[in-house]
Amino acid sequence: MILADGGGLFPNNWITTEGPQWWLVAAPVLLLVIEAVGIATACHALRYVRTSQATVAWVVGLLTVPVLTIPLYWVFARNRFSGYREAIRRVGQRHRESVDAVRRELATESNTRSTALQTPLDHVADVLDTPISADNRFELLIDGDAFFDAVEQQIDSATDYVYCCFYIIRDDECGGRFAEALIRQAKAGRKVRLLYDEVGCAGLRRRYLNRLKDGGVDVRSFNTRQGPANRFQINFRNHRKLVVVDGTSAIIGGLNIGDEYRGVANWIDGWRDTAVAVVGPLARKVQAVFAGDYYWAAGLDLAEANWGPTSNDDAPPNRRDNGQQGKRGLAAVCATGPADHLPRASMMFAAAASIAKSRLWISTPYLVPDEAVMVALASAKARGVDVKILIPAVADHWAVYLAGFYYEHELAEMKIPVYRYKDGLLHQKCVLIDDDLVLIGSTNLDNRSLHLNFELMVAIEQADFVRDVHRMLVNDLKQCHGPEDRAQITRPWTSRLGTAIARIFSPIL
């Protein structure tokens with residue numbers, strides 16, 4: 001096919017659809033179109049991306065390599081999760097009593113103490129607009145064996161129902177024990193419901209899920225791509241890890257279901273993690289968080305859920321405290337996610353830094369804080385607070401791991417030491433504030449947890465429990481390389497280059 005003859009501007013046969021000369025005209029035009037779309041998309045990013053760090057990262061990518069970044073932007077850059085609150089409203093139209101109970105649970109303060117003198121827990125609860133629960137008992141669960149034993153014990157103790165939500169579930173020995181415990185209770189007539197994240201469980205074999213369903217377990221994926229606005233989104237995750245039994249006891253922490261969380265996987269020498277078992281009214285708050293997620297995933301309510309008043313004394317004997325955590329304490333649920341109108345996860349860390357007077361220790365597997373958290377940490381250090389950050393010395397996600405070196409350097413400039421845990425992978429998410437307050441749960445100090453994931457932390461004010469956590473973190477610090485140990489170590493240029501690149505794109509990792 002001839003597009004121009006010899007009498008025109010171009011020689012005869014110079015532009016043809018059959019020959020490579022066609023691209024001499026088409027390629028520049030295509031590149032101009034791509035660049036124009038990149039510029040338009042960059043303007044969209046300037047207006048709608050939530051954080052300045054992420055905005056810069058996306059704009060740089062869209063203007064420099066638009067052909068790669070444009071599709072990534074429209075898949076990954078959304079920071080508002082559409083439909084979550086609307087789904088709850090739809091469920092509420094059909095199941096008004098149940099949804100109203102959830103809303104009351106997440107808005108009612110069960111603590112009746114005077115708030116004339118505000119404590120750190122009061123401050124965090126006020127910032128996150130979350131209620132405080134009194135009369136709870138806590139057990140610190142250090143590492144995988146303690147966690148999985150407690151999970152199995154709580155599931156076996158159920159008399160009415162069991163709710164579980166996990167980001168990752170493996171079809172291995174640990175996953176098998178978990179499935180067997182759920183199926184036992186389902187066959188015994190208890191209502192057993194399980195939520196899992198379809199991205200985190202992408203490698204989970206269908207036979208495992210079918211085994212649970214055949215055993216009577218109600219299994220649902222969280223299904224973040226539900227709804228037209230989320231159809232092409234794979235960036236949002238339900239990263240929460242929780243177990244609720246009968247509305248009277250719960251477990252919250254950083255561990256998923258898999259052998260690596262017991263430290264027995266082939267690719268890692270050890271796994272350091274933490275969770276907390278709770279008995280008391282706080283379990284209903286955790287149950288309310290699960291209910292909201294279940295409303296979204298299934299479009300149904302929890303007909304069997306207990307929303308009536310409970311206390312620690314209502315729990316069966318094998319779900320009461322073991323005597324080590326005898327005193328009752330106050331706690332609040334800190335549930336955050338991309339459906340929030342405000343960046344509440346970032347606000348949680350900033351609030352913790354702002355109220356610390358003598359000590360602020362943070363243990364996190366990923367160190368990619370946003371600007372608000374960095375400023376809050378710097379302010380705490382300037383007030384004379386002992387700020388320490390514990391992160392792993394080994395990586396499970398290389399991009400985020402490399403980006404952490406940049407922020408480690410930035411914190412060193414602020415005189416804030418970063419300690420790298422050397423005895424396996426440090427995966428716990430824990431914040432210790434003075435001798436007053438502890439936060440434990442699923443929230444990492446990175447962009448994904450701060451802005452893109454559904455997360456769950458519990459803030460606990462109970463003197464014995466806080467002392468136990470302090471003792472635990474002191475032992476963790478003994479297993480760390482301090483800043484002085486690494487001062488003379490020069491990383492190879494490839495690692496330094498990787499850090500520079502990862503840092504640029506860290507807000508969108």
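In this predicted model, a network of salt bridges links D149, E152, D156, R177 and R184. Within this group, R177 pairs with D149, and their closest N and O atoms are 3.7 Å apart. The contact joins distant parts of the chain, with R177 in helix α8 (residues 173-187) and D149 in helix α7 (residues 143-156), 28 residues apart. Both partners fall in the partly exposed class, R177 at 31% relative accessibility and D149 at 45%.

The network can be set against the whole structure, where a search finds 24 salt bridges. One of them is formed by E105 and R284, with 3.0 Å between the closest N and O atoms. Because E105 belongs to helix α5 (residues 96-105) and R284 to helix α10 (residues 282-298), this pair ties together parts that lie 179 residues apart in sequence. Here the two side-chain partners come from buried residues: E105 has a relative accessible area of 7%, and R284 has one of 9%.

A further pair brings a loop and a strand into the picture. D435 forms a salt bridge with R359, the closest N and O atoms being 2.7 Å apart. D435 sits in the loop between β15 (430-433) and β16 (437-441), whereas R359 is part of strand β11 (residues 359-363); the two are 76 residues apart, and the pair thus links distant parts of the chain. The partners also contrast in their surroundings, since D435 counts as exposed at 51% relative accessibility, while R359 is buried, with a relative accessible area of 14%.

Conventions
Residues numbered from 1 in each chain as written. Predicted model: local features only at pLDDT ≥ 70, side-chain atom pairs only at ≥ 80, totals over all residues. Heavy atoms only, no water. Salt bridge = Lys/Arg side-chain N within 4 Å of Asp/Glu carboxyl O. Helix = DSSP H or I, 4+ residues; strand = E, 2+ residues; numbered from the N terminus. Buried < 20%, exposed > 50% of the residue type's maximum accessible area, 1.4 Å probe, protein only.
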